[in-house]
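Hi everyone, thanks for making time. Have a look at the model on the screen, and I'll walk you through a few parts of it.

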Amino acid sequence: MNIHSIILEGNLIRLEPLTQDHLGPLCEVGLDEELWKLTTTLIRTPEDMKKYIDAALEELAKGKALPFAIIEKASGKAVGSTRFGNIETNHRRLEIGWTWIARRWQRTFVNTEAKYLLLSHAFDTLGCIRVEFKTDSTNLRSRAAIARIGGKEEGVFRNHMIVSGGRIRHSVYFSIVDSEWPEVKKELERKLKKNY
C-alpha cells in the first residue's frame, strides 16, 4: 500500500488533500453545531476548525491518515471533509471516516461519490482487503448511509468513546472486504448515474 497525498476526481466532486488553505472555506460551511452533535469532536469556532485540520495533518505526517477536503465541482466550494484513517499497511486495511458534509449537501450525490472515490482508491489502487467504517450507535442517518453504500454491519463496541458533553458512545462497526467490492462498486455506479 503506497499511501501518499492525491487528488481523487469524480464527475461532481473532487477530493483534494486537506491543508490549512481549506480553513476559511470549511469554516463557511462547517461551524454548524448540528454537524458535530454525534461526533467525538465539537467544532464551534475557526480555532476549533484549525485544530481539527492540524490534528488531521499530524496523522498524515505519521502515515496513519490521508485527509481530504470535499469540493463540489459546479460551485468550486468546499462542502466538507473526509479521510482515510487508522491505516494499517501490513494488514492492507484502513478506515474511511471523519466525514462531515455541510447540511445543504447532505442526502445528495456528495457522500455517494465521495465514498465511491475513496473505496475505488482503497481497493483498486492501494490493494486493500478490508475497509472499515464506524459511527455512533445513535446516529441512525449515518448507519443507514453506510449500509446504503454497501457496508456490512459487524457489531457494536460498547462504551467505546466519550464524546463532547461527556456522553458515553457505543460505536457500530461496518466493513466492506475485497471480495464484496466488485458488487458494491457496480451498485454505487448505478446510484451515481442518476446524478450525471
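Let's start with strands β4, residues 77–88, and β5, residues 93–101: they pair in the antiparallel sense over 6 bridges. If you want one pair to look for, find Gly85, whose bridge partner in β5 is Glu95. Helix α3, residues 46–61, packs on the sheet here, touching β3 (66–72), β4 and β5. The direction of α3 makes about 130° with that of β3. Please keep in mind that this is a predicted model.

Now let's zoom out to the sheet. What is the order of its strands? Following them across, we get β1-β2-β3-β4-β5-β6-β8-β7, an open sheet of 8 strands with mixed pairing. The edge strands are β1, residues 8–9, and β7, residues 152–162, each of which pairs on one side only.

Next, a stop in strand β6, residues 130–136, where we find Thr135. Is Thr135 buried or exposed? Its relative accessible area is 5%, so Thr135 is buried, given a cut-off of under 20%. Its side chain makes a polar contact with the side chain of Ser142, at 2.9 Å. Leaving out residues up to four places away in sequence, Thr135 touches a whole list of others, including Arg143, Ile146, His170 and Phe174.

Let's move on to helix α6, residues 181–193. With 13 residues at 1.5 Å a residue, α6 should span 18 Å, and its end C-alpha atoms are indeed 18 Å apart, so the two agree. Which residues of α6 are buried? They are Trp181, Val184, Leu188, Lys191 and Leu192. These cover an arc of only 95° around the axis, which means they sit on the same side of α6. On the other side of the helix, Pro182, Glu183, Lys186 and Lys193 are exposed. As for the buried residues, they pack against α4 (109–125), α5 (140–148) and β8 (168–177).

That brings us to our last stop, Ser120, which lies in helix α4. Ser120 has 14% relative accessibility, so it counts as buried too. What does its side chain reach at 2.8 Å? The side chain of Ser120 reaches the backbone oxygen of Tyr116. Setting aside residues up to four places away in sequence, Ser120 touches Thr125, Trp181 and Lys185. You'll remember Trp181 from the buried residues of α6.

That's my tour, thanks for listening!

Definitions and conventions: Residues are numbered from 1 along each chain as its sequence is written. This is a predicted model: local features need pLDDT of at least 70, side-chain atom pairs count only at pLDDT 80 or more; totals for chains, interfaces and linings use all residues. Side-chain values use heavy atoms; hydrogens and water are left out. Helices (H or I, at least four residues) and strands (E, at least two) are DSSP runs, numbered from the N terminus. The expected span of a helix is 1.5 Å times one less than its number of residues. Buried means under 20% relative accessible area, exposed over 50%, partly exposed in between (1.4 Å probe, protein chains only). The arc is that of the directions from the helix axis to the C-beta atoms. Contact means heavy atoms within 4.5 Å. A polar contact is a pair of N or O atoms within 3.5 Å; within protein, one must be able to donate a hydrogen and the other to accept it, and residues adjacent in sequence count only if both atoms are side-chain atoms. Two strands pair if DSSP finds at least two bridges between them. Axes are lines fitted to C-alpha atoms, for helices over the stretch in contact, and angles run from 0 to 180 degrees between N-to-C directions.
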